[in-house]
Amino acid sequence: MDAIKAVQHYINRIVSDTSGMKVLLLDNETTSIISLVSTQSFLLSKETYLVDRIDNRSRDEMRHLKCVCFLRPTDSSIQALLDELRSPKYGDYYIYFSNILKKSMIELLAENDESEVVREIQEFYADYYATTPFLFHMGLTSSVHPLFAEGHSWNPGALARTVQGLSALLLSLKRRPNIRYERNSAMALKLGQELEYTMDHESNLFGAKAGDKKTHLLIVDRKNDPVTPLLTQWTYHALLNDLIGINNGRIDLSYMPDVRPEIKDVMISQDQDTFFKQSQYLNFGDLGMSIKEFVDTYQSKTQSHHQIESISDMKRFVETYPEFRKLSGNVTKHVTLVGELSRIVGQNHLLEVSELEQSLACNEQHNNDLKTLRAMISNSKFLPENKVRCVILYALRYERAQGNATSELKQLLASNGIDADLVAMIDVVLRYAGANERQSDIFQNENLFSRGRNIFKGLQGVENVYTQHSPAIADMLEDLLRGRQGIHWQERLPNLDPKARPPTIGNESGMFNQDIIVFVVGGVTMEEELAVAKLNAKFESQNVRLIIGGTSIHKSASFLSELSTTFFP
């Protein structure tokens, strides 16, 4: 299972099946879906000489060209297409929709094709955002598709978009999975029921019920692990997303002073960028060595003997040699990106922040954590949002602890000038994912047995003090793949249809020859995608394949922003 290859297969068909010179018309969402997995040079190689938006009415008439349309079957895209067909600007139209098309929509298109220019209408199920081979999302943002209606319930628009996206994913992977959901999540149950209804209703596309015995869809809820999206992530890909921002594979660097024109807006892609593919999972420390080796390789090609010891040396070297820039704009891009990450990490004292975050997430050290947290709140060098994030982690871990000091810490934040709305996010997160809402003991501190496991876990060798944390999803999947606590997971992840006698999710000897799709209602994180990538490598011999997705990809700021719209007091 590979999300990127699944979407690329459809994009290749869209531009290859129609021969000759052509125009490609897209809507707002399909533009982003294509930009994640394809390039302008690829489209040009398929004789696609113009890419434009279907809603751009100022396009020139070019009747000698064919037109290929790739659109979501939404009311706005259908209306834009109807307007186009009433006054066609091109010779022939080949129309591809990213999801299942209603019969009424086909009839509407036929009625409005008075010039008889439509040659083909097909469904190509690329209706989700494929970020990496193992990571996909639905692109839900609080401004476009708010996730929550009231409390822990779906906004109808967000639910419909998620069902459509998951349906497309399954059709593109040619799977009809057995669905399981987290027992305590009404939103996971509702999504499972709506998806099951769609698969039954479109059985001619999905195949017979229970026909696929080796694929599982596990629908989990972000509220059962609110910790992971609150932590600073230290892999290259995650740092770029968290600290600079990635928008559909693009990074905007125009805010940087004196940035060169050619790297004001850069693309990062596994397919097109070898260095990124090799380095996306490296932590920040290893990344510095990797970028130095990258520069050294190209420095040898320019026969330069400049001494390079630091990131600033690399930047000076790149700027000094214009022929070097021509040799590899890719090196210039990554030296600039790593330099900017290094600046932000230092300026915001993120190593110190992360050390406390990891302690709060992984270790039971109440007195030490409280002392460090008080000192951080009183120190003006730390950003207000980082102070609040650490207090949220404290409030979650020690919610039921004797001597819980959350109220005192909120007062301390206020007395240090932290905005009241920001301080209120502590209660927002507790309302969304406090101990009463969660299904799992994520901190392993709620009973004597789990505390013992936590202490034992703390004795194991830790690779890095900043990457101690393991997401709850990773622990769940490893248990399933190894065949541990089978009955526990059967109960926690019940089958959608209890009468169906579905295949069990693992046994004492572990899982073999299985495909697992994990979907996170409430957003997935880069740390969870890294965990899935590691599990795919680790359990390759068991012929197990995993991918993970969510309603969106979250960093701490987007996670808190999404919650603030619904759970704010």
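Q: What does buried mean here, as opposed to exposed?
A: Buried means under 20% relative accessible area, exposed means over 50%, and partly exposed is in between, with a 1.4 Å probe and protein chains only.

Q: What kind of model is this, and how are residues numbered?
A: The model is predicted, with pLDDT of at least 70 needed for local features and 80 or more for side-chain atom pairs, while totals for chains, interfaces and linings use all residues. Numbering starts from 1 along each chain as its sequence is written, and side-chain values use heavy atoms, leaving out hydrogens and water.

Q: Ok, strand 8. Which residues are on its two sides?
A: Strand 8 covers residues 178-181, with Asn178 and Arg180 on one side and Ile179 and Tyr181 on the other. These residues are all buried, and both faces are covered. Strands (E, at least two residues) and helices (H or I, at least four) are DSSP runs numbered from the N terminus.

Q: How many bridges join strand 8 to strand 9?
A: Four, and the two strands run parallel. Asn178 stands opposite His216 in strand 9. Two strands count as paired if DSSP finds at least two bridges between them.

Q: New topic. What is the strand order in the open sheet?
A: The order is 2-1-3-4-5, with parallel pairing. Strand 2 (48-53) and strand 5 (118-123) are the edge strands, each pairing on one side only. From one strand to the next, the twist averages 20°.

Q: How many bridges join strand 3 to strand 4?
A: Seven bridges join strand 3 (residues 62-71) to strand 4 (residues 90-97). Cys69 stands opposite Ile95 in strand 4.

Q: Which strands does helix 4 lie across?
A: Helix 4 (residues 75-86) lies across strands 1, 3, 4 and 5, running at about 165° to strand 4. Axes are lines fitted to C-alpha atoms, for helices over the stretch in contact, and angles run from 0 to 180 degrees between N-to-C directions. Contact means heavy atoms within 4.5 Å.

Q: And why is helix 9 called largely enclosed?
A: Because seven of its nine residues (236-244) are buried. Among them are Tyr236, Leu239 and Ile244. Just after helix 9, Gly245 takes a positive phi of about 110°.

Q: Last one: how many disulfides are there?
A: Zero, where a disulfide is a pair of cysteine sulfur atoms within 2.5 Å. Cys67 is in none, and the nearest cysteine sulfur, that of Cys69, is 3.7 Å away.

Q: Is Cys67 buried or exposed?
A: Cys67 is buried, at 0% relative accessible area.
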